[in-house]
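Colleague: Let us go through this model together. I will ask, and you reason from the structure.

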Amino acid sequence: MLNYYMGQETEIPDFITYPVITKQMAHHVTVKRYSSTQNTSMILHGIIGQIIFAEMTEECLECLLAGEILHMGKNISFGFGQYILEKII
C-alpha cells in the first residue's frame with residue numbers, strides 16, 4: 001500500500017504456501033460514534049480476536065510484520081486493521 005501511494009510500481013506477493021491456521025477465536029464487534037462531518041451517529045463493524053498459525057515462511061512473516069507496524073486499513077483509529085504478532089514457544 002505504501003508503494004502504491006508513493007507512486008511506485010509494486011508486485012502483490014503470491015506466496016507459495018500460506019500459513020495454516022491451527023486455532024481461531026474471533027467475534028464481531030460494533031462501535032458507535034458521532035460524525036460531525038455528516039452530523040449523525042454511525043455504527044462501525046469489525047472483527048476482533050486471536051489467530052494461531054502453524055509455522056510460516058520468512059516471506060509471509062515479513063509481510064505480517066510490515067502490517068503490524070503500518071496498521072493499514074479502514075477505521076484503524078477505532079482499533080480495526082491493527083494486530084500484534086507474538087511468538088508462542
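Colleague: How do the residues of the lining of the largest pocket divide into nonpolar, polar and charged?

Modeller: This is a predicted model. Three classes share the lining of the largest pocket. Three residues are charged and six are polar. The nonpolar class holds 15.

Colleague: How much space lies in that largest pocket?

Modeller: The lining of the largest pocket counts 24 residues. The space in this pocket comes to about 1100 Å³.

Colleague: Which residues lie nearest the centre of the largest pocket?

Modeller: The pocket has 24 lining residues to choose from. Five of them are named as nearest the centre. They are Ile 51, Phe 53, Ile 84, Leu 85 and Glu 86.

Colleague: Which element gives the most to the lining of the largest pocket?

Modeller: Strand 1, strand 2 and helix 2 each supply at least two lining residues. One of them supplies seven, the most. That element is strand 2.

Colleague: In which sense do strand 1 and strand 2 pair?

Modeller: Strand 1 covers residues 21-35 and strand 2 covers residues 40-53. There are 14 bridges between them. The sense of the pairing is antiparallel.

Colleague: What is the bridge partner of Met 25 in strand 2?

Modeller: Take Ala 26 for the register: it stands opposite Gly 49 in strand 2. Met 25 also has a bridge partner in strand 2. That partner is Gln 50.

Colleague: How many residues lie between strand 1 and strand 2 in the hairpin?

Modeller: Gln 38 lies in the loop between the two strands. Asn 39 has its place in that loop too. The hairpin has a count of residues between its strands, and that count is four.

Colleague: What is the phi of Asn 39?

Modeller: Asn 39 sits in the turn of the hairpin. The residue is not a glycine, yet its phi is positive. The value is near 55°.

Colleague: Is Asn 39 buried or exposed?

Modeller: The cut-off for exposed is over 50% relative accessible area. Asn 39 has 57%, so it passes. Gln 38, in the same loop, has 51% and is exposed as well. Asn 39 is therefore exposed.

Colleague: How far apart in space are Gln 38 and Ile 76, C-alpha to C-alpha?

Modeller: Gln 38 belongs to the loop between strand 1 and strand 2. In sequence, Gln 38 and Ile 76 are 38 residues apart. In space the C-alpha atoms are separated by 19 Å.

Colleague: How many disulfides does a search of the whole structure find?

Modeller: A disulfide needs two cysteine sulfur atoms within 2.5 Å. The sulfur of Cys 63 has its closest cysteine sulfur in Cys 60, at 6.7 Å, so the two are too far for a bond. The search of the whole structure returns zero.

Colleague: Which is buried and which is partly exposed, Cys 60 or Cys 63?

Modeller: Buried means under 20% relative accessible area. Cys 63 is at 36%, so it counts as partly exposed. Cys 60 is at 6%, so the buried residue is Cys 60.

Colleague: How far does helix 2 reach from its first C-alpha to its last?

Modeller: Helix 2 has 13 residues. At 1.5 Å a residue, the expected reach is 18 Å. The reach in the model is close to that, at 18 Å.

Colleague: Which residue follows helix 2 with a positive phi?

Modeller: Helix 2 runs over 58-70. The residue that follows has a phi near 50°. It is His 71.

Colleague: What is the relative accessibility of Ser 77?

Modeller: Ser 77 lies in the segment after helix 2. Ser 77 and Glu 55 are 30 Å apart in space, C-alpha to C-alpha. Ser 77 counts as exposed, because its relative accessibility is 66%.

Conventions: Residues are numbered from 1 along each chain as its sequence is written. This is a predicted model: local features need pLDDT of at least 70, side-chain atom pairs count only at pLDDT 80 or more; totals for chains, interfaces and linings use all residues. Side-chain values use heavy atoms; hydrogens and water are left out. Two strands pair if DSSP finds at least two bridges between them. Buried means under 20% relative accessible area, exposed over 50%, partly exposed in between (1.4 Å probe, protein chains only). On a 1 Å grid over the protein atoms alone, a cavity is a set of points where a 1.4 Å probe fits but cannot get out, and a pocket is an open set with protein on both sides within 12 Å along at least five of seven lines; lining residues have an atom within 4 Å of a point. Grid points are joined across faces, edges and corners, and a volume is the space filled by probe spheres set on the points. Ala, Val, Leu, Ile, Met, Phe, Trp, Tyr, Cys and Pro count as nonpolar, Asp, Glu, Lys and Arg as charged, and the others, Gly among them, as polar. The expected span of a helix is 1.5 Å times one less than its number of residues.
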